Amino acid sequence: MEQRRHETRRARKKWTTITMLLVAFWSSVSAQLRYSVLEEVPEGTVVGNIAKDLGLDKTTLKERGIRIVYGSTEPPFIVRQDDGVLYVEGKIDREEICERRKVCTIDLKTVLQNPLEIHHVVVEILDVNDHSPVFPQKENILEVSESALPGAKFQLQAARDADSGLLSVQQYKLSNNAHFRLDVKDRGEDRKTPSLVLEKPLDRESVKSHVLLLTALDGGKPPRSGNMTIIVNVSDVNDNPPVFSQESYTVSLKENSPVGTTVIQVNATDLDEGPNGEVEYSFGNDVDARSRESFSLNPLTGVIVVAGAIDFEENSRYEIDVQASDKGTATLNTEKSVLINIVDINDNEPEIEVTSFSHVLPEDSKPGTTVALISVKDADSGLNGKVMCYINNDLPFLLTPSLQNNMYSLVTKTVLDQEQKSQYNVLIIAKDAGEPSLHSEKNIKVDVSDVNDNVPEFSQNPYTFYVYENNAPGEKIVSVTARDKDDGSNAIISYQILRNTEVTNMPTSFINVNSEAGDIVALKSFDFETLKTFQFQVVASDSGSPSLSSNVTVNVFILDQNDNAPVILYPVSSNGSAEGVEEIPRNVNAGHLVTKVRAYDADIGYNGWLLFSLQEVTDHSLFGLDRYTGQIRTLRSFTETDEAEHKLVILVKDNGNVSLSATATVIVKLVEPKEAFAASDVKSAAKDDEDNNATFYLMITLGSVSVLFIISIIVLIAMQCSRSTDYTSKYLPETNYDGTLCHSIQYRSGDKRYMLVGPRMSIGSTIVPGSHANTLVLPDRRRTCEEVR
């Protein structure tokens, strides 16, 4: 007993070990299960028990769980978690899933957790006979001639069944008839093509149409079917051609008849019946494209109508072949010619053609010069083609007929002038003799070319310019402009300065002109104090051949600028500095003239108008300075407490925009009357010498200024004489010296008087707006230089 118990334990231990090994092997290897299910089964239909087939109990399913993995879309199956049964969840349509494949399967993956196991499940969808065969058409009409021979085959369209395999179309049946049988050709892959085969000749006179029923059957049990009606129409044999009602057709048609106008109607008949007896009309093959564009033919009625433009001038006669054809299978046809004569009307305007034309005509052409040869024509015939031609009379041209018919010459009537009119528009009018008359016009342009017959003309003659001194060398100072009435190169003007090579140091030697623009530049800077005016001539020449030219006189007046500082004439010490010593008695009264500061400025006008002021003085209560004359006088009597020596610094400045100045120093010493009397003799002698020297320098200066002004006066007189403007000039040079030098030039122009002033001006003078800075307008009375203060 003990031994038997021991063996029983060993056997149990052995089976336990084998079971564990089998479980371990099962967990590491995935299994594949295969099920099948019919399509269209209701939801909840059981496909199979996955847990049972895998050997899993409910406890294991609860612990490990089970689920299905199926690509990106949801499968039509679901597995229950409690028992592992796979059942249908949605509708299954095999044709939708696999179309027409013979084997339709769905691959699923069953996943178990802890440990992870994946089992492949394949579900095959079985087909059911849920579709009937369907023909592409419910009715098929065949046309078969009665002359068709037995054995003729007519292929029919096959039926299609969405099911596959044996459930698709398996056979065709044809309804009973005496003339046709059914022939089915098997092409494989569920494709069978039916055909009708003629077994007995057809007779249209006995039966015109045969109606057959073709049935397609699938392999289902019971089978499904689909039907198609076949109508066989027997066509007649065509043995009679169409015949026209007339031997010939002729008609007349006016040109320009509107589209749609009926031209003629042809008629033909056919003895056959049906299509063989139905006639249709068409143009013959020999009808050209122009006739087809001009006319159209109704294929049913035989009416010919206008389809395009009918122009007698393009084609006066049309011969068109019309073909009558029946509608038989073997078409028979007959042709007949239709003659269409076109009647001319006056529908064409005369045409003007310029056969030879001189677009450019020189302005010096003589009267009678031929400009153009003109020909006219009219496509119409008879009076409709007779043309008269003429031009408008307000032009310097004539239209003369030539010996040749419908040819004219356009010639010049008078002498032309390009400067007055450089282009003419000649309107040529041609008119025919038709009723109503038609006319046409043509405009030609005649350009008159220029001849160099005009000299350049300056915009002014002479030119007068005012230029400030101290100009930059190379800078434009003035500009001249000339115009030439000619055209092209004849009007291209170049400028040059007329120079006298025999005379040196002429103003023309330091000026230059731009040959194209007429801008005149100075090659050096002007100095008013040296040169106040100059004159030169500019030559303007055109580029014609031969070249023409003209001259103009250019007068240039130099305007003063404040470029000279005042010069102290008195006091001047022995070493040349502006410093002097004056001794006066201590007992002089108020208003005593101590001395007078004298100064000179080479500029004129405001630039040379000098003013004096005390810049420095030891005692402002003792001395006073006249700002215009430079006189220094005592303001009060001297006292014992006044110092014996006083220093006065006098500032002399002009009235330029940027004022220039100079200073003079006067030392005033107070002496006793006796000493002053003794010193006066010595001082008077020295004063005489000093005055003599100052007078000498003053005479030289005034002489130079007078010479310059005399030259200016001569130039101005010459200018006034050369001008046509009515004005008189009078120059009043003055040299009254009262501390400053005074120059002035007065002249009259029209109802105004002008004056070029020196340093001192009249209080009543005013500057004219727009005039030069040195020009003043004076009241209509004469003033001397003494009045200008």
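**Exercise 1.** In this predicted model, find which residues T110 touches, leaving aside those up to four places away in sequence, and decide whether T110 is buried or exposed.

*Solution.* Begin with the contacts: once residues up to four places away in sequence are set aside, T110 touches I50, I66, R67, E117, I118, H119 and V121. Next, place the residue in its element, which is strand β6, covering residues 105-112. Then turn to the relative accessible area, which is 1% for T110. Since buried means under 20% relative accessible area, T110 counts as buried.

**Exercise 2.** Work out which strands are joined to β23 by bridges, and in which direction each pair runs.

*Solution.* Take strand β16 (residues 249-254) to begin with: six bridges join it to strand β23 (residues 333-343), and these two strands run parallel. Within this pairing, the bridge partner of L253 is I342 in β23. Now take strand β22 (residues 317-326), which is joined to β23 by nine bridges, the two strands running antiparallel. Here E319 stands opposite L339 in β23. Finally, look at the connection, where β22 and β23 form a hairpin with six residues between them.

**Exercise 3.** Describe the chain as a whole by stating how many helices and strands it has, what percentage of its residues is buried, and what area it exposes.

*Solution.* Count the elements, which gives six helices and 53 strands. Then consider burial: of the 789 residues in the chain, 42% are buried. For the surface, the chain exposes about 43900 Å², of which carbon and sulfur atoms supply 51%.

Methods: Residues numbered from 1 in each chain as written. Predicted model: local features only at pLDDT ≥ 70, side-chain atom pairs only at ≥ 80, totals over all residues. Heavy atoms only, no water. Helix = DSSP H or I, 4+ residues; strand = E, 2+ residues; numbered from the N terminus. Buried < 20%, exposed > 50% of the residue type's maximum accessible area, 1.4 Å probe, protein only. Contact = heavy atoms within 4.5 Å. Areas by Shrake-Rupley, 256 points an atom, 1.4 Å probe, with all protein chains shown as cover. Pairing = 2+ DSSP bridges.
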